[in-house]
Amino acid sequence: MFKNLLIVESPNKIKSVKKYLGGEFEVLASFGHVRDLIPKNGAVDPENDFAMKYQIIAKNSKHVDAIVAAAREAEHIYLATDPDREGEAISWHIYEILKAKRGMKNISDKIRRVVFHEVTPKGVQAALQNPRGLDINLVDAQQARRALDYLVGFNLSPLLWKKIRRGLSAGRVQSPALRLICERENEIKAFESQEYWSVHLDSHKGRTKFSAKLHQWQGNKLEQFSLPDEAAQAAVLDALAGKPAAVSDVVKKKATRKPAAPYTTSTMQQDAVRKLGFTTDRTMRTAQQLFEGVDVGQGAVGLITYMRTDSVTLSQDALTEIRHYIDNKIGADFLPKSAKVYKTKSKNAQEAHEAVRPTSVYRSPESVKPFLSPDQFKLYQMIWQRTVACQMADAKFDATTVDISVGEGVFRATGQVLVFEGFLKVYQEGQDEDGDDGDNGKKLPEMAVGDALPVDKLYGEQHFTQPPPRFNEATLVKALEEFGIGRPSTYASIIKTLKDREYVTVEQRRFQPTDTGDIVNKFLTEHFTQYVDYDFTAKLENQLDDIANGKRAWVPVMDKFWQGFHKQVVEKEGIERAKITTEDLDETCPKCASRLQIKFGKRGRFIACSGYPECDYTRNLNETAEEAAKAAEEPSVVEGRDCPKCGGQLVYKQGRYGKFIGCAHYPKCKHIEPLEPPKDTGVACPVCGKGHLIERKSRFGTPFYSCNTYPDCKYAVSHPPLAESCPQCGWKVLTRKTTKRWGVEKVCPQKECGWKEQIEPPAPKE
């Protein structure tokens, strides 16, 4: 009979942990949370110190029963759920369940809390040698967070249902995140592009060609809009024409670039989006698998430390191992004299936790690649490279700046050449946007003051200012962290909620608010300004951190929030729905001369007459009155064709996403088809083999490819298919147009396969 019961959070850890502990331990899993608030109003009672009513989660009840049965037999019980607030709360819930069971009055004496920061023999043994009691401060912080989210959701969501439409939701962190996306979209819509010009000189010395940009003109430094139009740059070119060029100044200096700190949750998510094309949700799922353990040929072992952390600290043992690896495997020249120490930016980071790192750098990515899925390998390789690089020597560059005088102008050429790669031998940090690497790798010829240079070409370039880019997952995570909104461990679920609620769509990996998201954001920012305010949300997050650190009591924090929030919810009950969902236009109805309005319906926003129901005039939001009138004049019946389902007339119809063909007997017959017949790719369906893949468009206008035998065969992919088969698994491969940074590649649609091949290299940077 076992003497010790150890309870972990995930069943994936059981095999690894049991192997390290031996036969005296029984290891069971809670399968995540074991209790949650009852799913109805009244689960949190503000009148009774925010008392919370819990119930066991139905799908985990059998796991709870197994834990209770084992706990009755065990002499010692170790709660080994994850080392964060959520994990501490799960341990507390298990303790509370056991304490309430008959015959377990002395449960407190035999329960201990242990935490694994890495699922390795060393990590597990270290945890068991340092047991502690439950950290009630962490439990209180999680309780407060859960109660806040519940109170916001259960009070704001029904209000959204009444004032906008059913099925909507608001959240303490979700709503400020939506506000960020909507405000960026409004900036883009309001942006007015401005023209400006730059003047350039092409020259050479020996066989080396180079370019320089006009830096000063007539003694003044040029600013962005100093040359606002073509006439201004033409006047400069005319004045410079025929003038000799000579070097007026040469500055050489040494430049260094330091490696980035090891990964926190946030920076890992951002880099995985930029470099791997992962979503934040996919990143966290894959990291969880690496943490819990993978069989790498000698049994399951955790490959990375715990992935939910704000800290950039590395343990002394890790630093020693990393420095030893660099010295022996990479080279002594790449090892700095002492270990690099990084300062955590977040004031509330838990320094006892480590950064995200490999549990052993001697487990190189290539050595474990045969045992990992493609996603696991990519993420592990990225974490491994960043960790090793953070303890390597700085990269060194020779930077040169040359000023060239031509008439009354001074052109400047800059170059930067890598002379010692340092940490760049292993890792280079990703960028938020596709951008120019500047002068990296650009070498200038040797020049001295007074050298005459040929003027190969003088020319101007036209530019236009660009609006700020829409957020992608990396830049949204970065913005949320900078504002102090939420915690990095929750960002993946926040982004998923915004997508699931259809508050945002993702176009070319960037977030664009839908009509629904825009209306919800407008309502919340106008009527609940404080609760979507970035500073307010960040201060509340800091208060939750203070609760976790034992600096505040959780009930006063909750009470202060609730008093103001509840009062505002009650006040806003009387708002008319029309004031939220309707916006007057400075345009009259062509039918009855009443004022037109922008209205919000179940399919989004549209233009309609304010005289409804007496006047039924409507048109699409992006359609002018002239376009609508012209469309109305067109014949509505499709000539020479009948409905293939019922034999009725086919007619042209206008929907939210444009015109289409439908049956005149709707709703009895619901046959519809696109205005233009779908394009046949000529590629046989890889699933049924009977049909062909044809190009279709989603309701948002996004193209996709599906089998023409639908609904008999429901195969569909988002990228255009090719006739050739995957050399690994035989499926029809797809082309994937990526950004200029990556080029174009062929890829297998089977996730389990992962085969791909580049067919067009990345475009050269200008």
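This is a tour of selections to make in the viewer, with a note on what is found at each stop. The model is predicted, so local features need pLDDT of at least 70 and side-chain atom pairs count only at pLDDT 80 or more, while totals for chains, interfaces and linings use all residues. Residues are numbered from 1 along each chain as its sequence is written, and side-chain values use heavy atoms, with hydrogens and water left out.

**Stop 1: the four-stranded sheet**

Select β21 to β24. Helices (H or I, at least four residues) and strands (E, at least two) are DSSP runs, numbered from the N terminus. These strands form an open sheet in the order β21-β22-β23-β24, with antiparallel pairing. Its edge strands are β21 (583-588) and β24 (618-620), each of which pairs on one side only. On average, neighbouring strands of this sheet are turned by 35 degrees against each other, direction ignored. Axes here are lines fitted to C-alpha atoms, for helices over the stretch in contact, and angles run from 0 to 180 degrees between N-to-C directions.

Now restrict the selection to β23 (residues 604-609) and β24, which run antiparallel and are joined by three bridges. Two strands count as paired if DSSP finds at least two bridges between them. The bridge partner of I607 in β24 is R619.

Add helix α16 (residues 515-527), which packs on the sheet and touches β21, β22 (595-601) and β23. Contact means heavy atoms within 4.5 Å. The direction of α16 makes about 80 degrees with that of β23.

**Stop 2: the β25-β26 hairpin**

Select residues 637-642 for β25 and residues 649-655 for β26; the two strands pair in the antiparallel sense over two bridges. D642 has Q649 in β26 as its bridge partner. Six residues lie between the strands of this hairpin, and G647 takes a positive phi near 85 degrees.

Stay on β25 and show the side chain of R641, which meets that of E673 in a salt bridge (2.7 Å, N to O). A salt bridge is a side-chain nitrogen of Lys or Arg within 4 Å of a carboxyl oxygen of Asp or Glu. Because R641 lies in strand β25 and E673 in strand β28 (residues 672-674), the pair ties together parts that are 32 residues apart in sequence. R641 is partly exposed at 36% relative accessible area, whereas E673 counts as buried at 18%. Buried means under 20% relative accessible area, exposed over 50%, and partly exposed in between (1.4 Å probe, protein chains only).

**Stop 3: further salt bridges**

The structure holds 36 salt bridges. For one of them, select K252 and E446, whose side chains meet at 2.9 Å, N to O. This pair links distant parts of the chain, with K252 in strand β12 (residues 245-257) and E446 in the loop between β16 (409-420) and β17 (452-453), 194 residues apart. Both K252 and E446 are exposed.

Next, select K496 and D500, which form a salt bridge with the closest N and O atoms 2.9 Å apart. They are four residues apart in helix α15 (residues 488-500), so about one helical turn separates them. K496 is partly exposed, at 41% relative accessible area, and D500 is exposed, at 53%.

**Stop 4: D403**

Finish with D403 in strand β15 (residues 395-406). D403 is buried, with a relative accessible area of 10%. Leaving aside neighbours within four places in sequence, D403 is in contact with A246, V247, S248, D249, V410, F411 and R412.
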